[in-house]
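Dear colleague,

Please find below the sequence and structure we agreed to pass on to you. A short account of the helix packing follows.

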Amino acid sequence: MNPLDDPREEDDALRRRWRELVGERLPRAARTRDWPVHEDHCFARILLDATMERPWREVVEPPAWANTPPDRLAHAIALGEAVLEGTADLHALNRLSLKLRGKLRS
């Protein structure tokens, strides 16, 4: 049996991708880009809020990396990859997150 045929292995791989993306790749890329955030937890907030269309803690119990449903986590990962590729605007996603949280001044 191929290990990726095991749903638990797929789930574990997805969660490892998420942790690498927000914990390493996005913060590393932020060093050379004009992004509004640089910390791993900020990237997680932005991507998860956009994915959930509300503050993620209203939908998922912490820790998000372990408790987000796989389909939602896959969406958040795709969004983060788009940010890295320059096809998604991190500034706009951050503003959306802040608006959803009631922290954006008009």
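**Helix packing in the predicted model**

In this model, which is predicted, helix 2 and helix 4 (residues 70-85) have axes that come within 9 Å and cross at roughly 125°. Angles from 65 to 115 degrees count as roughly perpendicular, and helix 2 and helix 4 are therefore classed as oblique to each other. Their crossing is right-handed. On the side of helix 2, the contact is formed by Leu47, Leu48, Ala50, Thr51 and Met52; helix 4 contributes Arg72, His75, Ala76, Leu79, Gly80 and Val83. By character, the residues of this contact comprise seven nonpolar, three polar and one charged.

Helix 2 (residues 40-52) also packs against helix 1 (residues 7-30), at an angle of about 115° and with the axes 9 Å apart. Helix 1 and helix 2 are therefore roughly perpendicular to each other. The crossing of helix 1 and helix 2 is right-handed. Helix 1 supplies Trp18, Leu21, Val22, Gly23, Leu26, Pro27 and Ala30 to the contact, while helix 2 supplies Asp40, Phe43, Ala44, Leu47 and Leu48. Ten nonpolar residues, one polar and one charged make up the contact of helix 1 with helix 2.

Two residues of helix 2 may be of interest when you view the model: Leu47 and Leu48 are listed in the contact with helix 1 and in the contact with helix 4.

Yours sincerely

Notes: Residues numbered from 1 in each chain as written. Predicted model: local features only at pLDDT ≥ 70, side-chain atom pairs only at ≥ 80, totals over all residues. Heavy atoms only, no water. Axes fitted to C-alpha atoms, helices over the stretch in contact; angles between N-to-C directions. Helix = DSSP H or I, 4+ residues; strand = E, 2+ residues; numbered from the N terminus. Parallel < 35°, antiparallel > 145°, perpendicular 65-115°, else oblique. Left-handed = near helix turned anticlockwise from the far one by under 90°. Contact = heavy atoms within 4.5 Å. Nonpolar A, V, L, I, M, F, W, Y, C, P; charged D, E, K, R; others polar.
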